[in-house]
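Trainee: I should like a close look at a single part of this protein rather than a survey of the whole. Please choose one region and describe what surrounds it and which contacts are found there.

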Amino acid sequence: MKAIHVPSSGRMFEPTRHGAHIMKEVVVRGGQIPNMTQIAFATLPAGPAEVEPHRHPTMWECYLVVEGTAIYGIDGDEVLMKPGDFLAIPPNTLHNQTVTHAPHRIFYWGIAVSDS
């Protein structure tokens, strides 16, 4: 296996699956690294990031906050996330985000796991 280098000039911008109003900067797509579903930056505006909380049955979702603050709802609990904070959400955990200080810029990635 070879190293993967993605220069910043080669990154693609596209809307996130959970909200067309949120653009993500894709660094690595699923399949490029084993078990990695995606690595990306996203900039979220103030307010709810998703209309409804959601879950990923076969993926860990990891966040590193770069800028701004948000309240992350995680299975009924709330966590205030600020720059430098890291959060890893296990598979099948209901979660959402509400941005309290925008822009809320995050670096995030997903790690695929078996559903068995």
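Mentor: A strand, as the word is used here, is a DSSP run of E covering at least two residues, and strands are numbered from the N terminus. With that settled, the part I propose to examine is the largest pocket of this predicted model. The space inside the largest pocket comes to about 370 Å³. Its lining is made of 21 residues, and H18, Q38, H56, E61 and Y108 are those closest to the centre. Four strands each give the lining at least two residues: strand 2 (19-29), strand 3 (36-44), strand 5 (59-74) and strand 8 (95-112). Strand 8 makes the largest contribution, with five residues. Sorted by class, the lining holds nine nonpolar residues, eight polar ones and four charged ones.

Let us begin with E61, one of the residues closest to the centre of the largest pocket. E61 belongs to strand 5. Its relative accessibility is 7%, and because the limit for a buried residue is under 20%, E61 counts as buried. Two side-chain partners deserve attention. The side chain of E61 makes a polar contact of 2.9 Å with the side chain of Y63, and a further polar contact, of 2.8 Å, joins the side chains of E61 and H95. Beyond four places in sequence, E61 touches H54, H56, L87, A88, I89, H95, Y108 and W109. Among these partners, H56 and Y108 are also listed with the residues closest to the pocket centre.

H95 merits a separate description. H95 lies in strand 8, the strand that supplies the largest share of the pocket lining. The relative accessible area of H95 is 3%, so H95 is buried. Apart from residues up to four places away in sequence, H95 is in contact with P53, H54, R55, H56, E61, Y63, G73 and I89. Y63 therefore appears twice in this account: Y63 is a contact of H95, and the side chain of Y63 makes the polar contact with E61 noted above.

From H18, another residue listed as closest to the pocket centre, one can turn to E50. E50 sits in the loop between strand 4 (47-48) and strand 5. With a relative accessible area of 9%, E50 is buried. E50 and H18 are 32 residues apart along the chain, yet their C-alpha atoms are separated by 5.9 Å. Outside its sequence neighbours up to four places away, E50 touches H18, N96 and Q97. For Q97 there is a polar detail: its backbone nitrogen lies 3.1 Å from a polar atom of the E50 side chain.

Strand 3, which supplies at least two residues of the pocket lining, also contains A40. A40 has a relative accessible area of 0% and is buried. Its contacts, leaving out residues up to four places away in sequence, are K24, E25, V26, V27, I106, F107 and Y108. The C-alpha atoms of A40 and H54 offer a contrast to the E50 and H18 pair: A40 and H54 are 14 residues apart along the chain, but 19 Å separates their C-alpha atoms.

F107, one of the contacts of A40, leads to the aromatic rings. When ring centres within 6.5 Å are taken as pairs, the model has five aromatic pairs. One of them joins F41 and F107 in a tilted arrangement, 5.1 Å centre to centre and with 50 degrees between the planes. F41 lies in strand 3 and F107 in strand 8, so this pair ties together parts 66 residues apart in sequence. The two partners fall into separate accessibility classes: F41, at 18%, is buried, whereas F107, at 23%, counts as partly exposed. Ring pairs extend the arrangement into a cluster of F41, F86, F107 and W109. W109 brings the description back to its starting point, since W109 is among the residues that E61 touches.

How values were computed
Residues numbered from 1 in each chain as written. Predicted model: local features only at pLDDT ≥ 70, side-chain atom pairs only at ≥ 80, totals over all residues. Heavy atoms only, no water. 1 Å grid on protein atoms, 1.4 Å probe; cavity = no way out; pocket = protein on both sides within 12 Å on 5 of 7 lines; lining within 4 Å. Points joined across faces, edges and corners; volume = space filled by probe spheres on them. Nonpolar A, V, L, I, M, F, W, Y, C, P; charged D, E, K, R; others polar. Buried < 20%, exposed > 50% of the residue type's maximum accessible area, 1.4 Å probe, protein only. Polar contact = N/O pair within 3.5 Å; in protein donor to acceptor, adjacent residues only side chain to side chain. Contact = heavy atoms within 4.5 Å. Phe/Tyr/Trp six-rings, centres within 6.5 Å; stacked < 30°, edge-to-face > 60°.
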